[in-house]
Amino acid sequence: MAKKGKFYVVWKGKKPGIFDSWAACKKSITNYAGAEYKSFESFDAAKKAYNGNYADFKGKKKTGPTLSKEELIRIGQPNYHSISVDAASSGNPGVMEYQGVDTKTGKKLFRQGPFPQGTNNIGEFLAIVHGLAFLKERNSDRIIYTDSRTAMSWVRKKNCNTKLTASTKNKDLFELIDRAVNWLKNNQYTTRIVKWETKAWGEIPADFGRK
């Protein structure tokens, strides 16, 4: 009987290949800077991807629950006068990085990491604040899309409410968190931060394609 569940392709890691468990995939990518990996629903899809290039598969939209015609009309289309931000973490905590892209073209505007020990929520928070500073510096009226309600809440409260403990391993990351919090407390901005409607539009354009 064929195995049911996800298969994980690692293009770049300690041991590239196709894995049938997240644990095996994680072992190959943890603490490997610039790891390239993604999950697939079948072995055939994973095999095809592994024989191709990571760039051809990262950020591919995933099929989610189907919305009704009325729901899609209500949600509408994305505002392309915007930037999109996202983060990726290979574990919780784990190696983390974040980035911001032009929503319409996918052009990368900024990227930070990888940090050796972080969480996805921290990355999402930092990505939004980085985006706010990026747009304010350029006097831009574009909005910011994020798919993280947690990060939106932290930004609104001007506090990174992480449970991760500071250590020598994540010292640089916590210094960046402090800078982000200070920026929020000492800067005014009019930029709108908007939730990306994943069910209607697919993965956010800044997605790292590692889900």
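Biologist: Which residue in S3 does Lys12 stand opposite?
Modeller: Lys12 stands opposite Glu36 in S3, bearing in mind that this is a predicted model.

Biologist: And how many bridges join S1 to S3?
Modeller: Strand S1, which covers residues 7-12, is joined to S3 by five bridges, and the two strands run antiparallel.

Biologist: What's the strand order in that sheet?
Modeller: The order is S2-S1-S3, so to speak an open sheet of three strands with antiparallel pairing. Strand S2 (17-19) and strand S3 (36-40) are the edge strands, each pairing on one side only. On average, neighbouring strands of this sheet are turned by 20° against each other, with direction ignored.

Biologist: Which strands does H1 lie across?
Modeller: Helix H1, residues 22-29, lies across S1, S2 and S3, and runs at about 10° to S1. Helix H2, residues 43-50, also packs on the sheet, where it touches S1, S2 and S3, and its direction makes about 5° with that of S1.

Biologist: Switching to H5, which of its residues are buried?
Modeller: In helix H5, which spans residues 149-157, the buried residues are Ala151, Met152, Ser153, Trp154 and Val155.

Biologist: What do those buried residues pack against?
Modeller: The buried residues of H5 pack against two helices, H4 (120-137) and H6 (171-186), and against two strands, S7 (143-146) and S8 (193-195).

Biologist: And what phi does Lys158 take, just after H5?
Modeller: Lys158, which comes just after H5, takes a positive phi of about 55°.

Methods
Residues numbered from 1 in each chain as written. Predicted model: local features only at pLDDT ≥ 70, side-chain atom pairs only at ≥ 80, totals over all residues. Heavy atoms only, no water. Pairing = 2+ DSSP bridges. Helix = DSSP H or I, 4+ residues; strand = E, 2+ residues; numbered from the N terminus. Axes fitted to C-alpha atoms, helices over the stretch in contact; angles between N-to-C directions. Contact = heavy atoms within 4.5 Å. Buried < 20%, exposed > 50% of the residue type's maximum accessible area, 1.4 Å probe, protein only.
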